[in-house]
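Work through the exercises below with the sequence and the model in view. Each task is followed by a solution in steps.

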Amino acid sequence: MAKTLKATPADTTQAWGKFDHTVVVLQGGGALGAYQAGVYAGLAECDVEPDWIAGVSIGAINAALIAGNPSARRVERLRAFWERASARSPFIPPAVFDPIRPFFNLVSAASTVAFGVPGFFTPRFPAPLTAREDDIKALSLYDTRPLKATLEELVDFDLLNSNGIRLSLGAVNVRSGNSMYFDSSKMRIGPEHVMASGALPPGFPAIEIDGEWYWDGGIACNSPLWYVLDEDYRMSALILQVDVFSGLGALPQNIAQMQERAKDIQYASKTRFNTSRISEIEELRAALRRLLDKLPPSMKDDPDVAKLSTISTRGAVALVHFINRNRSQSSNYKDYEFSRATVMELWDFGYSDAKRSIADPEWQNATNLGNGIRIYDLTQSGTPSPST
């Protein structure tokens, strides 16, 4: 499913060990999650061995497939899921049909709406309009029980919970409206936690866990980056964030492009906000550190100084973005267009972006330790865009 690009694992493998942690962060985006799978396939060829994966929605499914399998089988399991999800539209049009690919993709998206996605969800007939509180699990347009069966088949939950890879899945509590992260370092993760992270209403039903009901974490924030950074601000980490929506884009020229652009901005906005806030907070943290260094020795033991000193230093973090800026032929319905042709194309886009980023000379700067957080975007038109 992936193209072969030149990369030299021997040149990159040593970089992973310079950080205490290698973290993969995956946002939500439905069918666009195939791009995440392709990025991981490219990184895996360069011996990336994450010890922590955080995901939301489709990112939670990909994250579970990675964390719940031994390293030698992860790409295979990702491929199995995405081939199953695209099985209803397996036809791959030859290049001569490229001018009418948007039509094929539109038919595929309509098929998803009408018939669901194999191994993922099926429509309810008739769709319920009301439900008792004890039957809220049926209040949705689609039934996600096929996803539960798929997860139980493709994910080894005993392995996932054996503390090999930490897994964090974002969801939203329906009653309180608060974000909630199911974390394998704090609880046992099962299929229901993955399903809760991707329970986007009104399409998918809320999932009950320990007496509470949960929806898709993307409702509150489509990126789990803030959770990773807040959990341990003193950790040294290489964070690889895979974004399936791009905040940058051209002016729309028609209604479909307008709807697509609005969707990109909507789901990428929190990611851009988080990144900006991270930079601002780190500047303040560095200023605090410089101020504390100017204090006389007699104040070093002051309790307030000691408390401020604790939060004034962050571990070395390199945040590397992989952003799907590739041309879509599925317009505003790209997040629910599951044709085999599009899924393979997204996978190859992700794979190519990962390999090209690692081959970029700027990658060596990203994987060198330094103070605070350094942010890199190596998929922006093929050129590096580092910031501190």
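**Exercise 1. A strand and its partners**

In which sense do β2 and strand β5 (residues 166–173) pair, and over how many bridges? Then place strand β1 (residues 21–26) in relation to β2.

Solution.
- Step 1. The model is a predicted one. In it, β2 and β5 pair in the parallel sense, over 5 bridges.
- Step 2. One position of this pairing can be located by residue: V56 stands opposite G170 in β5.
- Step 3. β1 and β2 also pair in the parallel sense, over 4 bridges. Here V24 has I53 of β2 as its bridge partner.
- Step 4. The link between β1 and β2 can be added: β1, helix α2 (residues 33–44) and β2 form a right-handed β-α-β unit.

**Exercise 2. The surroundings of β2**

Why is strand β2 (residues 52–56) described as largely enclosed by the rest of the structure? Use A54 as a worked case.

Solution.
- Step 1. Count the buried residues, where buried means under 20% relative accessible area. In β2, 5 of the 5 residues are buried, so the strand is largely enclosed by the rest of the structure.
- Step 2. Sort the side chains by direction. W52, A54 and V56 point one way from β2, I53 and G55 point the other way, and all are buried. In a regular strand, side chains alternate between the two faces of the sheet.
- Step 3. Take A54, which lies in strand β2. Its relative accessibility is 0%, so A54 counts as buried.
- Step 4. List what touches A54. Leaving aside neighbours within four places in sequence, A54 is in contact with V24, V25, L26, S168, P224 and V228.
- Step 5. Compare sequence and space for one of these pairs. A54 and L26 are 28 residues apart along the chain, and their C-alpha atoms are separated by 6.2 Å.

**Exercise 3. Two helices**

Describe the span of α2 and of helix α12 (residues 340–359), and state how far each is covered.

Solution.
- Step 1. α2 has 12 residues and reaches 17 Å from its first C-alpha to its last, close to the 16 Å expected at 1.5 Å a residue.
- Step 2. α12 has 20 residues, and its reach from first to last C-alpha is 28 Å, close to the 28 Å expected at 1.5 Å a residue.
- Step 3. Both helices are mostly covered: 11 of the 12 residues of α2 are buried, and 15 of the 20 residues of α12 are buried.
- Step 4. Find the cover of α2. The buried residues of α2 include G33, Y35 and L43. Among the elements covering the buried residues of α2 are β1, α3 (58–67), α4 (74–85), β9 (237–243), β10 (317–323) and α12.

**Exercise 4. Backbone features in loops**

Locate D47, S331 and P202, and state the backbone feature of each.

Solution.
- Step 1. D47 is in the loop between α2 and β2. Its phi is near 65 degrees, a positive value in a residue other than glycine. With 42% relative accessibility, D47 counts as partly exposed.
- Step 2. S331 sits in the loop between β10 and α12. Phi of S331 is near 50 degrees, again a positive value in a residue other than glycine. S331 is buried, with a relative accessible area of 15%.
- Step 3. P202 is in the loop between α8 (191–197) and β7 (207–209). The peptide bond from P201 to P202 is cis, with omega near -5 degrees.

**Exercise 5. The chain as a whole**

Summarise the chain, then decide where its coordinates call for caution.

Solution.
- Step 1. The chain has 13 helices and 11 strands. Of its 388 residues, 52% are buried.
- Step 2. Among contacts between residues at least 6 apart in sequence, 74% join residues at least 24 apart.
- Step 3. The exposed area of the chain is about 17500 Å², and carbon and sulfur atoms supply 56% of it.
- Step 4. The mean pLDDT is 85, and 87% of the residues reach 70 or more. Over residues 1–15 the pLDDT is below 50, and this stretch has 27 contacts in the model beyond near neighbours in sequence. Over residues 382–388 the pLDDT is also below 50, with 19 contacts beyond near neighbours in sequence.
- Step 5. Where pLDDT is low, the predicted coordinates should not be read in detail.

Methods
Residues are numbered from 1 along each chain as its sequence is written. This is a predicted model: local features need pLDDT of at least 70, side-chain atom pairs count only at pLDDT 80 or more; totals for chains, interfaces and linings use all residues. Side-chain values use heavy atoms; hydrogens and water are left out. pLDDT is the predictor's confidence in each residue, from 0 to 100. Contact means heavy atoms within 4.5 Å. Buried means under 20% relative accessible area, exposed over 50%, partly exposed in between (1.4 Å probe, protein chains only). Two strands pair if DSSP finds at least two bridges between them. A crossover is right-handed if, with the strands pointing away from the viewer, the path from the first strand over the helix to the second runs clockwise. The expected span of a helix is 1.5 Å times one less than its number of residues. Accessible areas come from the Shrake-Rupley method with a 1.4 Å probe; for residues, only the protein chains shown count as cover.
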